[in-house]
Amino acid sequence: MQSIRIAIVAAACVLLSAAAHASPELATSKACMACHSVDKKLVGPAFKDVAAKYKGSKDAATQLSGSILKGSSGKWGPVPMPANRVTEAEADTLAKWVLTL
């Protein structure tokens, strides 16, 4: 019984670690990197600039996730960000990742 618990905990750690490290790959696979970069402005702001803007905001992850899902305009200039074809879980993962930068 103890070995089963250890195996379950180990598997959970691997899955959580993989999800945290998968965000750059997720951003690439969902075409976020077509308009954004981690550290420099492209069409949209650098992800590090986004993280800095939302630093200290209690609902930053929720706000970013909403912008990823529904799109936004006027936050970073005249170019709007279209809604992205992501699930709510993917939008949450991406938002949380951006905020770690």
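1. Setting aside neighbours within four places in sequence, His36 touches Leu42, Gly44, Pro45, Phe47 and Met81. The structure is a predicted model, and this residue is a convenient place to begin reading it. His36 sits in the loop that joins helix H2 (23-29) to helix H3 (47-54), and its side chain comes to 2.8 Å from the backbone oxygen of Pro45, a residue that also appears in the list of its contacts. With a relative accessible area of 11%, His36 falls under the 20% limit and therefore counts as buried.

2. The loop between H2 and H3 also holds Ser37, for which the relative accessible area is 11%, so that Ser37 too is classed as buried. Two backbone nitrogens should be noted beside its side chain: that of Asp39, which the side chain of Ser37 reaches at 3.3 Å, and that of Lys40, which lies 3.4 Å from a polar atom of the Ser37 side chain. When neighbours within four places in sequence are left aside, the contacts of Ser37 are with Leu42, Pro45, Ala46 and Phe47. Leu42, Pro45 and Phe47 are also found among the contacts of His36.

3. A further residue of the loop between H2 and H3 is Ala31, and its backbone deserves a second look. Ala31 has a positive phi of about 70°, although it is not a glycine. What is the exposure of Ala31? Its relative accessible area is 47%, which places Ala31 in the partly exposed class, whereas His36 in the same stretch between H2 and H3 is buried.

4. As for the overall make-up, the chain contains 5 helices and 0 strands, and its elements, read from the N terminus, follow the order α-α-α-α-α. The chain has 101 residues, of which 26% count as buried. Among contacts with a separation of 6 or more, 47% are accounted for by residues 24 or more positions apart.

5. The largest nonpolar core consists of 15 residues, and those with the most contacts inside it are Leu64, Ile68, Leu94 and Val98. At least two residues of this core come from each of H2, H3, helix H4 (60-70) and helix H5 (88-99), and H5 gives the most, with 5 residues. Val98 can be followed individually: apart from neighbours within four places in sequence, it is in contact with Phe47, Val50, Ala51 and Leu64.

6. How are H4 and H5 placed relative to one another? Their axes are 8 Å apart and they pack at an angle of about 125°, which means that H4 is oblique to H5. The crossing of these two helices is right-handed. On the H4 side the residues that meet H5 are Ala60, Ala61, Leu64, Ser65, Ile68 and Leu69, while H5 contributes Glu88, Ala91, Asp92, Leu94, Ala95, Lys96, Val98 and Leu99. Leu64, Ile68, Leu94 and Val98, which have the most contacts inside the largest nonpolar core, are thus also found among the residues of this helix pair.

7. The packing of H3 against H5 can be set beside that of H4 against H5. H3 and H5 have axes 8 Å apart and an angle of about 85° between them, and since angles of 65 to 115 degrees are classed in this way, H3 is roughly perpendicular to H5. Phe47, Val50, Ala51 and Tyr54 of H3 make this contact with Trp97, Val98 and Leu99 of H5. Phe47 is, in addition, one of the residues in contact with His36 and one of those in contact with Ser37.

8. The loop between H4 and H5 contains Ala83, which at 47% relative accessibility counts as partly exposed. The C-alpha atom of Ala83 is separated by 5.3 Å from that of Leu69, although these residues are 14 residues apart along the chain. Beyond its neighbours within four places in sequence, Ala83 is in contact with Ile68, Leu69, Lys70 and Gly71, and of these Ile68 and Leu69 also belong to the H4 residues that meet H5.

9. Pro82 is likewise found in the loop between H4 and H5. Its relative accessible area of 57% is over the 50% limit, and Pro82 is therefore exposed. The C-alpha atoms of Pro82 and Ser72 are separated by 6.6 Å, the two residues being 10 residues apart along the chain.

Key:
Residues are numbered from 1 along each chain as its sequence is written. This is a predicted model: local features need pLDDT of at least 70, side-chain atom pairs count only at pLDDT 80 or more; totals for chains, interfaces and linings use all residues. Side-chain values use heavy atoms; hydrogens and water are left out. Helices (H or I, at least four residues) and strands (E, at least two) are DSSP runs, numbered from the N terminus. Buried means under 20% relative accessible area, exposed over 50%, partly exposed in between (1.4 Å probe, protein chains only). A polar contact is a pair of N or O atoms within 3.5 Å; within protein, one must be able to donate a hydrogen and the other to accept it, and residues adjacent in sequence count only if both atoms are side-chain atoms. Contact means heavy atoms within 4.5 Å. A nonpolar core is a set of buried Ala, Val, Leu, Ile, Met, Phe, Trp, Tyr and Cys residues joined through side-chain atoms within 4.5 Å. Axes are lines fitted to C-alpha atoms, for helices over the stretch in contact, and angles run from 0 to 180 degrees between N-to-C directions. Angles under 35 degrees count as roughly parallel, over 145 as roughly antiparallel, 65 to 115 as roughly perpendicular and the rest as oblique. A crossing is left-handed if the near helix is turned anticlockwise from the far one by less than a right angle, and right-handed if clockwise.
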